[in-house]
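What follows is a guided walk through one protein structure, meant for a reader who has not met it before. Please keep the sequence and the model in view while reading.

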Amino acid sequence: MKLLKQSIVFFIGCFVFNNLALAETVNITGTAYGSTISSEEIELSDGNFKYNNLDHSIWVQEGLPEGYPSMASADCRTTGLRSPDYVNLGSSWTCTITDIDGDGFINVGSDVKPDWSGCNYETVAGWGKYAGISQSGSCAFAGTVSATDWMLKWTGEFTTP
C-alpha cells in the first residue's frame, strides 16, 4: 500500500512539473494598422473634450511562440479626455482580438501622459489557444496615415499557460 501511495505522489509530481515546464515567456513586438469606424466627441464646460471611438485594426506581431498566428484582427472601444489642443488628459480602451482560427483574447489599456507616451496594455481573458495566457507591455502611437487611419506599435511579454 505504501508503494502505491508513493507511486501516485510521484506521478502527480511528474505531471505538475511537466506542465510547469511547458509555460513559455517570450518578448513580442507588434504593429496595429487601424481605422476609426466611429467617433463621438463632446465638448465639456471647461473646454476639454470627452471622446468615444470604435476602431478596427489588423495586428502583425513578431516573436510569438509556435502555434500562435502572427496576424490577427482587433475591434477596440476607446474612451478618453483631451484638451482643445489634443493634449491627453487620460484614456482607456478595451480590445477584442481574434486570429484566423477564431481564437482570441481581450486586452485593456490606458494612457495618462499628456504627450500620449504612457500607453500600456494587459490581457485580461482569452479563449481557444489563448485561454490562460498572460500578456502585458507598453505601446505608442506610431503615426497618422489619413484622417481616420493610424498605426500603433507595442512591445511586451507573452506567457503561455
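In this predicted model, a good place to begin is a covalent link: Cys76 is joined to Cys95 by a disulfide, with a distance of 2.0 Å from S to S. The two partners come from distant parts of the chain, since Cys76 sits in strand β3 while Cys95 sits in strand β4, and 19 residues separate them. The angle about the S-S bond is 115°, and the link of Cys76 and Cys95 is right-handed. Is each end of this link buried or exposed? The cut-off for calling a residue buried is under 20% relative accessible area. Cys76 has a relative accessibility of 11%, and therefore counts as buried; Cys95, with a relative accessible area of 5%, is buried as well.

The structure holds two disulfides, and the other one is formed by Cys119 and Cys139, whose sulfur atoms lie 1.8 Å apart. Because the torsion about the S-S bond of this pair, Cys119 and Cys139, is about -80°, the disulfide is left-handed. Cys119 belongs to strand β6 and Cys139 to strand β7, which spans residues 134-144, so the pair ties together parts that are 20 residues apart in sequence. Both ends are again buried, with a relative accessible area of 8% for Cys119 and of 7% for Cys139. When the bonded cysteines are counted along the chain, the disulfides follow the pattern 1-2, 3-4.

The strands named so far are parts of a wider arrangement. Eight strands form a closed barrel, which runs β1-β2-β3-β4-β5-β6-β7-β8 with antiparallel pairing. From one strand to the next, the twist averages 25°. Where the two ends of this series meet, strand β1 (residues 25-43) and strand β8 (residues 149-159) run antiparallel and are joined by 11 bridges. One position to look for along this pairing is Thr29, which stands opposite Thr155 in β8.

From the strands, the path leads to the nonpolar residues. In soluble globular proteins, nonpolar side chains tend to be buried together. Here the largest nonpolar core has 21 residues, and those with the most contacts inside it are Ile28, Trp59, Ile97, Trp154 and Phe158. Strands β1, β3 (71-82), β4 (88-99), β6 (119-127) and β8 are the elements that each give two or more residues to this core. Which residues does Ile28 touch, leaving aside those up to four places away in sequence? Its contacts include Gln61, Glu62, Gly63 and Leu64, and also Tyr121 and Gln135, as well as Trp154, Thr155, Gly156 and Phe158.

A last feature to follow is the set of aromatic rings, for the structure holds five aromatic pairs. In one of them, the rings of Phe105 and Tyr130 have their centres 5.1 Å apart and their planes at 50°, so the pair is tilted. Phe105 lies in strand β5 (residues 104-111), whereas Tyr130 lies in the loop between β6 and β7, so this pair ties together parts that are 25 residues apart in sequence. Both of these residues, Phe105 and Tyr130, are buried. Ring pairs also link Phe105 and Tyr130 into a cluster with Trp59, Tyr68, Trp154 and Phe158. Among the members of that cluster, Trp59, Trp154 and Phe158 have already appeared as residues with the most contacts inside the largest nonpolar core.

Key. Residues numbered from 1 in each chain as written. Predicted model: local features only at pLDDT ≥ 70, side-chain atom pairs only at ≥ 80, totals over all residues. Heavy atoms only, no water. Pairing = 2+ DSSP bridges. Helix = DSSP H or I, 4+ residues; strand = E, 2+ residues; numbered from the N terminus. Axes fitted to C-alpha atoms, helices over the stretch in contact; angles between N-to-C directions. Core = buried A, V, L, I, M, F, W, Y, C linked by side-chain atoms within 4.5 Å. Buried < 20%, exposed > 50% of the residue type's maximum accessible area, 1.4 Å probe, protein only. Contact = heavy atoms within 4.5 Å. Disulfide = S-S within 2.5 Å. Phe/Tyr/Trp six-rings, centres within 6.5 Å; stacked < 30°, edge-to-face > 60°.
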